[in-house]
Amino acid sequence: MDRPRPFWDPDRPAAPPLTEPDRLAAERLLGVTLPAVLLDLLREQDGGLVADGYGAFPTDRPTSWAPDHVPFDHLHGAGRHPQSPFSLLDGPYLAAEWGLPDGLVPVSGDGHHWIALDYRRCGPTGEPAVAWYDAEAATELPLAPDFAAFLHGLTSPAAFEPTAFEPGAFEPDAFEPNATEPAIAEPAAGEG
């Protein structure tokens with residue numbers, strides 16, 4: 001797939017490229033065939049932070065993250081590297097720990113929410129769709145019919161208006177407390 005800009009964050013240390021033994025080990029452990037487009041990316045760098053231009057995927061309905069997109073700040077590699085906190089090898093543990101449905105392979109996320117390859121319709125050797133899964137709300141949202149379409153849809157988080165849903169969306173200096181209320185509540189008589 002031709003990309004007009006670098007996929008990986010150029011300001012972060014790069015993981016080494018995916019090796020064939022790591023690919024085979026990941027596919028054997030996960031019991032699936034990983035998408036060719038994903039493997040091509042991992043052969044450049046086996047996981048890590050993505051460049052800002054690829055840090056969000058637009059949605060047509062609200063999620064727990066934002067009303068119009070989901071975050072995609074990193075991609076799990078197939079091997080274990082200090083540049084990436086999780087690996088595809090952690091998929092079975094993460095799926096069990098966070099209650100992901102069978103057939104989802106997490107490729108990005110933080111525990112509360114995941115972007116995952118969805119093998120439930122295509123089977124373990126087919127081309128998986130890509131889905132958003134919110135572990136706390138046990139809700140999901142289909143994002144793309146395959147990983148190539150998912151990559152094509154990625155854009156910069158700056159393309160979206162910050163909302164109260166997103167961490168760090170509001171600057172502390174922009175908040176002005178109500179002048180009629182004390183900034184810190186005083187204890188009631190007899191408390192404290």
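Residues 168–188 have pLDDT under 50 throughout, and for this stretch the model has 4 contacts beyond four places in sequence. The structure is a predicted model, and where pLDDT is low, the predicted coordinates should not be read in detail. Over the chain the mean pLDDT is 84, and 82% of the residues reach 70 or more. The paragraphs below turn to other parts of the chain.

Helix α1 covers residues 20–30, and its buried residues are R23, A26, E27 and L30. These four span an arc of only 95° around the axis, so they sit on the same side of α1. The spacing fits a general rule. An α-helix has 3.6 residues a turn, so residues three or four places apart point the same way. What does the buried side of α1 pack against? Its buried residues pack against α2 (36–44), α3 (91–98) and β5 (104–109). The face turned away from that side carries P21 and R28, which are exposed. Both ends of the helix have a local feature to look at. At the start of α1, a side-chain oxygen of T19 comes to within 3.2 Å of the backbone nitrogen of D22. Just after α1, G31 adopts a positive phi of about 70°.

Past helix α2 comes Q45, placed in the loop between α2 and β1 (48–49). Q45 has a relative accessibility of 7% and therefore counts as buried. Beyond its neighbours within four places in sequence, Q45 is in contact with W8, A14, A15, P16 and P17. One of these contacts, W8, returns below as a member of an aromatic cluster.

The next element to follow is β5, which was met above as a packing partner of α1. Strands β5 and β6 pair in the antiparallel sense over 5 bridges, and L104 has D118 in β6 as its bridge partner. The hairpin of β5 and β6 has 3 residues between the strands, and in this hairpin G111 takes a positive phi near 110°.

Strand β6 (residues 113–118) is mostly covered, with 6 of its 6 residues buried. Which residues point which way from β6? H113, I115 and L117 point one way, W114, A116 and D118 point the other way, and all are buried. On to β7 (residues 129–134): 6 bridges join this strand to β6, and the two run antiparallel. In that pairing I115 stands opposite W132 in β7. Strand β7 is in turn joined by 5 bridges to β8 (residues 139–144), again running antiparallel, with Y133 opposite E140 in β8. The hairpin of β7 and β8 has 4 residues between the strands, and A138 in this hairpin takes a positive phi near 55°.

D118 deserves a separate look. This residue lies in strand β6 and is buried, because its relative accessible area is 14% and the cut-off for buried is under 20%. The side chain of D118 makes a polar contact of 2.8 Å with the side chain of R120. Leaving aside neighbours within four places in sequence, D118 is in contact with G103, L104, P128, A129 and A131. Among these contacts are L104, the bridge partner already named, and A129 and A131, whose numbers fall within β7 (residues 129–134).

The last topic is the aromatic residues. How many aromatic pairs does the structure hold? There are 7. One is the stacked pair of F57 and F150, 5.0 Å centre to centre with 20° between the planes. This pair links distant parts of the chain, since F57 is in strand β2 (residues 56–58) and F150 in helix α4 (residues 147–153), 93 residues apart. Both F57 and F150 are buried. F150 also pairs with F72, here edge-to-face, at 5.1 Å centre to centre and 85° between the planes. Because F72 lies in the loop between β3 (69–71) and β4 (74–75) and F150 in helix α4, the pair ties together parts that are 78 residues apart in sequence. F72 has a relative accessibility of 0% and so counts as buried; F150 is likewise buried, with a relative accessible area of 0%. F57, F72 and F150 belong to one aromatic cluster, which also includes F7, W8, Y54 and F147.

Note on methods: Residues numbered from 1 in each chain as written. Predicted model: local features only at pLDDT ≥ 70, side-chain atom pairs only at ≥ 80, totals over all residues. Heavy atoms only, no water. Phe/Tyr/Trp six-rings, centres within 6.5 Å; stacked < 30°, edge-to-face > 60°. Buried < 20%, exposed > 50% of the residue type's maximum accessible area, 1.4 Å probe, protein only. Arc of directions from axis to C-beta. Contact = heavy atoms within 4.5 Å. Polar contact = N/O pair within 3.5 Å; in protein donor to acceptor, adjacent residues only side chain to side chain. pLDDT = per-residue confidence, 0-100. Pairing = 2+ DSSP bridges.
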